[in-house]
Amino acid sequence: MKTLRTDVAVIGAGSAGLTAYRAARAGGKRAVLIESGPYGTTCARVGCMPSKLLIAAAEAAHALAAAPAFGVHPGQVRIDGQAVMARVRSERDRFVGFVLEGMEHIPEEDKLRGHARFTGPRELQVDEHTLVQAERIVIATGSTPMVPFEWQQAGERVITSDAVFDWTDLPQSVAVVGTGVIGLELGQALHRLGVRVAIFARGGSVAQLGDPLVLAEAAKVLGAELDIRFQTQVAAVERDGEELLLTSRDAAGQQRQERYQYVLSAIGRKPNVHALNLELAQIALDRRGIPLYDRRTMQCGSSAIFIAGDADDELPLLGEAADQGKIAGANAARFPAVQPGLRRTPLTVAFCEPQIATLGEDYHSLCASHSGRFAVGMVSFSNQGRSRVMLQNHGMLRVYGEFGTGRFLGAEMIGPRAEHIGHLLSWACQAGLTVDAMLDMPFYHPVVEEGVRTALRDLAQNLAKEPPAPQPCPDCTPGT
């Protein structure tokens, strides 16, 4: 076994790891990048990009189905599943190719292939071939979709989102378990492409929403199109010939059995940290075995170990992974003189239709941190001008502001153009703007953003009132 000495060792070559490696190199340090799987980020291979390719095909099909409402009749629609999936795979491979091209620019001596595990706080063993002695280490090992062990026994037709993008044709039926971002996006896309889809949710959650009014609106709007079974547990999944027999149980205890070609587990992702021998790293772990860290510096305690990306189980988003990787890599380079890095205003978007966006402080966080000290403004998109013109007049936006300062704190929404409204509002939030200052900004006519102005006006009026007495936050967590 050979020994390699370096300033910084980065475990994982995904979005966070690549950014950490580059930041460490930019800080003037020798760095190595250790990867056990295929090169190419989760986003490019099985995440952001291929899912949007499938959604784009679904949007085209839906536009044809919606056209008669405008007096436009396109004729018989035929969805070629093989062509749909061929484009998804081809464009997916193109995006992955860009990542692989970037890997080619990294010196070969800086790349190590194999599984890394700690043998000490500053030493890693990579498979059975290399000991890496590093002054600083960055954990950027990503995450893996979760599939309950019992479901796995039903065979290869129980899948995660990773498998969807290798399909060569669209299936006839899919049961999607989970109403998070992945479950909603893929479930609706497959439904619009002619696949029989049912979506199962143990509780009443929808994507990342916490505001009870927005959550209720989302359940109503999405439920009008999709077969979403809230408060329903998947009791069993069994192989039945070439299909799967799924047994579900609703809140009243009623059981139902149905057959599907696939069961897609979209119940969440778990950090890839449990095979790292973290007990030998001599850092504190939480009750789930995930390292405790400072989110401003990404440092684990006072150690020379840093963490970034999905591995820390904070926000599994590309932008967050890149920001965290940059902070972790830069601080690994300058250790022990670590410095807080830029953590941007949180922004999450679900690309279902209507789109869902949350940004800044969410409703439940504000109930805890600003109880009695924040006001809410809202707008319904049901009769908003531009939304009605486009026949996309569904959804709701709720915005939050701080009593006294008038500072804009955050928002939750489901509605048209949420990906753009989310950016607009997150920039205002990060800039520390007040609600009055936001209302001084230009709003063109007719645009969906006029709905933002309506919500902000409502918020401004409520901020001008006396703050209410603190109230407990309504419990709208899954299972209630």
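**Pockets, a cavity and some buried residues**

Guide: Let's start with helix α8, which gives the most to the lining of the second largest pocket, with five residues. Keep in mind that this is a predicted model.

Visitor: How much space lies in the second largest pocket?

Guide: About 700 Å³. The pocket is lined by 28 residues, and those closest to its centre are His62, Arg192, Glu353, Leu391 and Gln392. Two or more lining residues come from each of α3 (48–66), α7 (181–192), α8 (212–225) and α12 (418–430).

Visitor: How do the residues of that lining divide into nonpolar, polar and charged?

Guide: There are 14 nonpolar, seven polar and seven charged residues. Take two of the central ones: Arg192 and Glu353 go with the charged residues, because Arg and Glu are both on the charged list.

Visitor: And cavities? How many of 30 Å³ or more does a search of the whole structure find?

Guide: One. The largest cavity holds about 60 Å³ of space. What makes it a cavity is that a 1.4 Å probe fits inside but cannot get out, whereas a pocket is open.

Visitor: Which residues line the largest cavity?

Guide: Among them are Ile55, Ala58, Glu59, Glu185, Arg192 and Glu353. The elements giving two or more residues here are α3 and α7, and α7 gives the most, with four. By type, the lining has five nonpolar residues, one polar and four charged. Arg192 and Glu353 line this cavity, and they are also among the residues closest to the centre of the second largest pocket.

Visitor: Let's move to asparagine 462. Why is it called buried?

Guide: Its relative accessibility is 18%, and buried means under 20%, so asparagine 462 counts as buried. You'll find it in helix α14 (residues 450–463).

Visitor: How do you know that the side chain of asparagine 462 makes a polar contact with the backbone oxygen of valine 376?

Guide: The side chain reaches that oxygen at 2.6 Å. A polar contact needs the two atoms to be within 3.5 Å, so this distance meets the cut-off. Leaving out residues up to four places away in sequence, asparagine 462 touches Ala375, Val376, Gly377 and Phe403.

Visitor: How many disulfides does a search of the whole structure find?

Guide: Zero. Take cysteine 429: the nearest cysteine sulfur, that of cysteine 367, is 16 Å away. A disulfide needs the two sulfurs within 2.5 Å, so that pair does not qualify.

Visitor: What makes cysteine 429 buried?

Guide: Cysteine 429 has 13% relative accessibility, so it counts as buried under the 20% limit. Cysteine 43 is buried too, at 11%.

Visitor: What is notable about phi of alanine 207?

Guide: Its phi is positive, about 50 degrees, although alanine 207 is not a glycine. Alanine 207 lies in the loop between β10 (196–200) and α8, and it counts as buried because its relative accessibility is 18%.

Visitor: Glutamine 231 has a positive phi, near 55 degrees. Why is this residue called partly exposed?

Guide: Glutamine 231 has 24% relative accessibility. Partly exposed runs between the 20% and 50% limits, so that label fits glutamine 231. Look for this residue in the loop between β11 (228–229) and β12 (233–240).

Visitor: Where is the cis peptide bond with omega about 10 degrees?

Guide: That bond joins phenylalanine 335 and proline 336. Proline 336 lies in the loop between α9 (318–334) and β18 (347–350). The bond from histidine 445 to proline 446 is cis as well, with omega near 0 degrees.

How values were computed. Residues numbered from 1 in each chain as written. Predicted model: local features only at pLDDT ≥ 70, side-chain atom pairs only at ≥ 80, totals over all residues. Heavy atoms only, no water. Buried < 20%, exposed > 50% of the residue type's maximum accessible area, 1.4 Å probe, protein only. Polar contact = N/O pair within 3.5 Å; in protein donor to acceptor, adjacent residues only side chain to side chain. Contact = heavy atoms within 4.5 Å. 1 Å grid on protein atoms, 1.4 Å probe; cavity = no way out; pocket = protein on both sides within 12 Å on 5 of 7 lines; lining within 4 Å. Points joined across faces, edges and corners; volume = space filled by probe spheres on them.
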